[in-house]
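This report concerns a single protein chain. It begins with one residue and then turns to a helix and to the chain as a whole.

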Amino acid sequence: MEAHCGDQRVRSQFMSATQASPAAGLPTSTPSNRIFEIALALALAAVIAGIFWGEQRYPALLKKLHAGQSLKVSAAISFDALLPVNPTMPLATRVGRTSINWLWTNRFGMYFALPFGAAMMTFLARTRRPKRFEHAAANVLCGAVAGAPMGVCTNCATPIGQSLLVSGASTRMTVAAMVSSPSFNPVVVAMAFLLFPWQMAAARLLVPGLLLLALPLLIKESKPVLQSIDMPDWTSPSRQPVREVVVSFLKNLFRLTLLTLPWMLLAALLGALAAELIPSYGTHTPVSALGIVAVAILGTLLPVPMAFDVGLAWVLYKAGVPTPYVATLLCTLGVVSIYSLTALGQRLGLTAAARLAGTVALLGSIVGFVFLWK
């Protein structure tokens, strides 16, 4: 009994000492410097997004929507053609020019994605809050909702996804946002329903929707990143919050550029090579099961800009290409790409990237078969 009372007295003295001296344990409140740096990094991300959405992306998307049935495609895998390409040119010239046209079309998306991703890395590095939910469905839903208005194609969403993954965000939330941005953008969805029969437009929504439902089976959740006990001295008088955020942002921007640029150049080259090697008359041949599968694989891998899936499918539809091929391409083109799959393969493993690509191609093939039997 006396020993028990002695233990209680020792415990009470220890608790009193801890409460009386916050320096003996973890801080009892969030330092003001850290709050300011979090707010500054978040404001930087918001400004970058606001400028991109207001000055370029949504005006461009609305212009395409208002074009209606007069919507045109100027190049093989891009809306804009900085350099002309014609079939009489040598293959190397056509591939080089198509690659440059693709990079030119995606320039605005990358102008946004790289600094926005760097700002998010800067923000997430300063917050101690969990970067995921406990349940897989919540992570997928959050990623889908956050990605829909983002307004970037799967290629330009890749640097943002890489920044989130590096910062310890949920893998399923990140992949869901990358899929949702090109698939569920409200303006692009409106374009699909404006141009195509409702069955084809609904199929374009159904394929990425089913992909998101299957995401917990395709992508494993990463383990939470544990923060080090040696936290920065946020209360140090010599700490300059604005300087810390700017330096961190620039470092993250440089890191993200090195992580992204080589694979982006490779994607431009491979996409251009595929687009130029496949004969244009191939889609005018009689519809076959093998042809549908080939179109589904091609649509899964081609790296196309925002809304190009709807634009190219509409051009082919007007030209009289068989509906099964058009529907397959409409449902696979833009959901993922060889660029996003390669980047995800580096972070999550090649098996996860292969599952993702295989599921998109499978769902697109099923859509093609449905319209073939219709």
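## Ser-340 and its surroundings

Does Ser-340 count as buried or exposed? The model is a predicted one, and in it Ser-340 has a relative accessibility of 1%. Buried means under 20% relative accessible area, so Ser-340 counts as buried.

Ser-340 belongs to helix 14, which covers residues 338–348. A polar atom of the Ser-340 side chain lies 3.0 Å from the backbone nitrogen of Ser-337. When residues up to four places away in sequence are set aside, Ser-340 touches Thr-154, Thr-158 and Met-178.

## Helix 4

Helix 4 comprises the 18 residues 107–124. The end C-alpha atoms of helix 4 are 26 Å apart. A rise of 1.5 Å a residue gives an expected span of 26 Å, and therefore the two values agree.

Helix 4 is also mostly covered, since 16 of its 18 residues are buried.

## The chain as a whole

The chain contains 15 helices and zero strands. Of its 374 residues, 49% are buried. The exposed area of the chain is about 18500 Å², of which carbon and sulfur atoms supply 68%.

Among contacts in the chain with a separation of 6 or more, 86% are between residues 24 or more positions apart.

Key:
Residues numbered from 1 in each chain as written. Predicted model: local features only at pLDDT ≥ 70, side-chain atom pairs only at ≥ 80, totals over all residues. Heavy atoms only, no water. Helix = DSSP H or I, 4+ residues; strand = E, 2+ residues; numbered from the N terminus. Buried < 20%, exposed > 50% of the residue type's maximum accessible area, 1.4 Å probe, protein only. Contact = heavy atoms within 4.5 Å. Areas by Shrake-Rupley, 256 points an atom, 1.4 Å probe, with all protein chains shown as cover. Polar contact = N/O pair within 3.5 Å; in protein donor to acceptor, adjacent residues only side chain to side chain. Expected span 1.5 Å × (residues − 1).
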